[in-house]
Amino acid sequence: MIWVWVVGIVLLVVAGFAAAYLPRARARALRQRTAWSAARAAIASAAISRDAVPDDVPEAGDLFARAELLVANGGGVAAAEEAADCAERADRLWREAR
Amino acid sequence: MTRVVAQLHRLRWAFLATAVVLLVVFLLAQRQTVDVSYAQSPSGEDSVTEGSAGELTDTDLPSVAEMTAMLDEDPVVRLPGSIADWDEQLVTEAIGDADIRVLVTPPGLTEKQQDQLREVENATILVVGTEITGTMYGVSADDVAGWRAQFATGDVTSLLLTLVASEKDEDSPPDIDLFRWRAPTAAELAPVVADLRADRLHVADGATLESMPDRAATAFPDQEPLFAVFPQQPFGLPVPEYGAALAEEFPDTPIVVMYGNWAEYHGPDAESFSDVVAAGVYSRFGDRIAGYAYPQANVLGVYLDQVTDVRYAGLFDRPLPYQPFDPLRVALPVLPWLFALCVLVFLGLSVRSVLGPGGGPPRRAPARLAGLTTLAIEMSGLSRDPALVRALSKLEAVRRALAEDLSQRLVRRLLDEAESELDTAARELGRADYRPANYLAGGIA
């Protein structure tokens, strides 16, 4: 009869892991999509600022290229945050240049 | 700030795990004992157990009717094999003309045979071996002299007198000690001494011990003891006092002398623990030893175990031996509090996540989006400011985020940014009424 206990315990442990893991996985996916969405929004905003500036701002251009590269490569939350950060800095530089 | 909060949030699982570990440790550690002992006494477990120890004699009792008839005829019936004796004159005087009948049987009866004895209704007093029961009460000896008389010579005079008084509703008489010592003769002593010198063990004719008891080494770890074992001594005659004589012959050697079921110790420190050991053994096991015919080896084993236990029990104000510091014993009382603390911290940190997602009206973001979009469209005919274009791009991002059900925080941030861009554009335009704070002050119609 020991196997009843073993199976029961294994089931309980698996159920416990599943109950803890699934919502976390879902939340992680949501965080990731959110981060990329924020990054894309920041890049779009920066692109508009770039188009509004007549002169060339090389530093901002580099940052912007980097952000676009990151978006193209994809990745996790950290990559998305980095991309958003680069895009925001580029945006700020272009706005100041105007 | 939000980083710290998120860290704390993750930390609550660590607190929960700690709480579970504490609980498990606490439950597993609940194996406390109440032993007060010098380390763990290596004596055996309780040696007196039913049946298996050879304490039953294969006695055939007469039938209940026969025994009743025998008692009707004679007030004292002594079945063959009985070992109890008493001073008949004293007991007869005590009984007087009361109708008290005594049935004496051999020791070591089975449960069934004891039930049979209880069915003999005219037996006032039952003497099984040397165990004595009346109609209501039983009596047993309660001091060393009483046990010695009962187990060394089968003398139950004092017990019988007490029980007779009880049956007659009288006060208990004082104990009578009919036990007498005498010095053993040289002829008696010589073979004992010779045996002890040869192999440290003397078993007299009629004694049931077969070999050196194996628990002697734990009871007397410092010196090998001597054992002199004799059968139960005849009642009414002085008993040869081998103990004292042997102690003279073998100074500074532990000597255990046994008469019948009575074991006594002579030798070093006899005065400090022989009474303690005797009281320990015979007060606990006296009734069983009296009613059953245990082999002497068993009684001696119990006696030696008691010697061992006394040796390890720390009864004599000796300094306690070094006991290593046990952190578990110290930490144990704290564990429940730590557990409670961990649970509280976990709950405290969880409150935010339980109440958090429910907060915030869900319609706010779409409403703001609608308002800001209206404003942006209205301004788009007047302004060519990049801030307006950025605001439109951000509003588009908000729409996508709402459609994809992304986090409310992002939506709110994008809306804030769009609002500030629109504000910038309105100020560039010089139209304060287009600033979002003014434009949206009344809400969307």
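This is a short walk through a predicted model with chains A and B, taking in its domains, its salt bridges, its cysteines and one surface patch.

I'll start with the layout of chain B. The domain assignment splits chain B into domain 1 (2-29 + 331-357), domain 2 (181-273 + 294-313) and domain 3 (360-439). Between the C-alpha centres of domain 2 of chain B and domain 3 of chain B there are 107 Å.

Next, a record for chain B. An unreviewed UniProt entry lists residues 408-435 of chain B as "coiled-coil region". In the model, that span is 79% helix and 0% strand, and its end C-alpha atoms are 24 Å apart.

Now the salt bridges. Side chains of opposite charge can pair when their charged atoms come close. Over all chains the count is 25 salt bridges.

I'll take three pairs from chain B. In the pair of Asp423(B) and Arg427(B), the closest N and O atoms are 3.6 Å apart. Both residues belong to helix H16 (residues 408-429) of chain B, and they sit four residues apart, about one turn of the helix. Is each partner buried or exposed? Asp423(B) has a relative accessible area of 17%, so it counts as buried, while Arg427(B), at 51%, counts as exposed. Salt bridges with shared partners also make a network, which joins Glu88(A), Asp91(A) and Arg95(A) with Arg390(B), Lys394(B), Arg413(B), Glu417(B) and Glu421(B).

The second pair is Asp99(B) with Arg101(B), where the closest N and O atoms are 3.0 Å apart. Here Asp99(B) is exposed at 57% relative accessibility, and Arg101(B) is buried at 18%.

The third pair is Arg182(B) with Glu188(B), again with 3.0 Å between the closest N and O atoms. Arg182(B) is partly exposed, at 30% relative accessible area, and Glu188(B) is partly exposed too, at 24%.

On to the cysteines. How many disulfides does a search of the whole structure find? Zero, over all chains. Two cysteines can be placed by their accessibility. Cys86(A) has a relative accessible area of 0% and is buried. Cys342(B) is at 8%, under the 20% limit, and therefore also counts as buried.

Last, the surface of chain A. A nonpolar surface patch there covers about 1300 Å². Its residues include Ile2(A), Trp3(A), Trp5(A), Leu11(A), Val14(A) and Phe17(A). Of these, Val14(A) is found in helix H1 of chain A, which takes in residues 2-52.

That is the end of the tour.

How values were computed. Residues numbered from 1 in each chain as written. Chains lettered and ligands numbered in written order. Predicted model: local features only at pLDDT ≥ 70, side-chain atom pairs only at ≥ 80, totals over all residues. Heavy atoms only, no water. Patch = residues over 30% accessible without salt bridge, like charges linked within 9 Å, V, L, I, M, F, W, Y side chains within 5 Å. Areas by Shrake-Rupley, 256 points an atom, 1.4 Å probe, with all protein chains shown as cover. Salt bridge = Lys/Arg side-chain N within 4 Å of Asp/Glu carboxyl O. Helix = DSSP H or I, 4+ residues; strand = E, 2+ residues; numbered from the N terminus. UniProt positions renumbered as here; feature names shortened; annotations may be inferred. Disulfide = S-S within 2.5 Å. Buried < 20%, exposed > 50% of the residue type's maximum accessible area, 1.4 Å probe, protein only. Domains from an automatic or database assignment.
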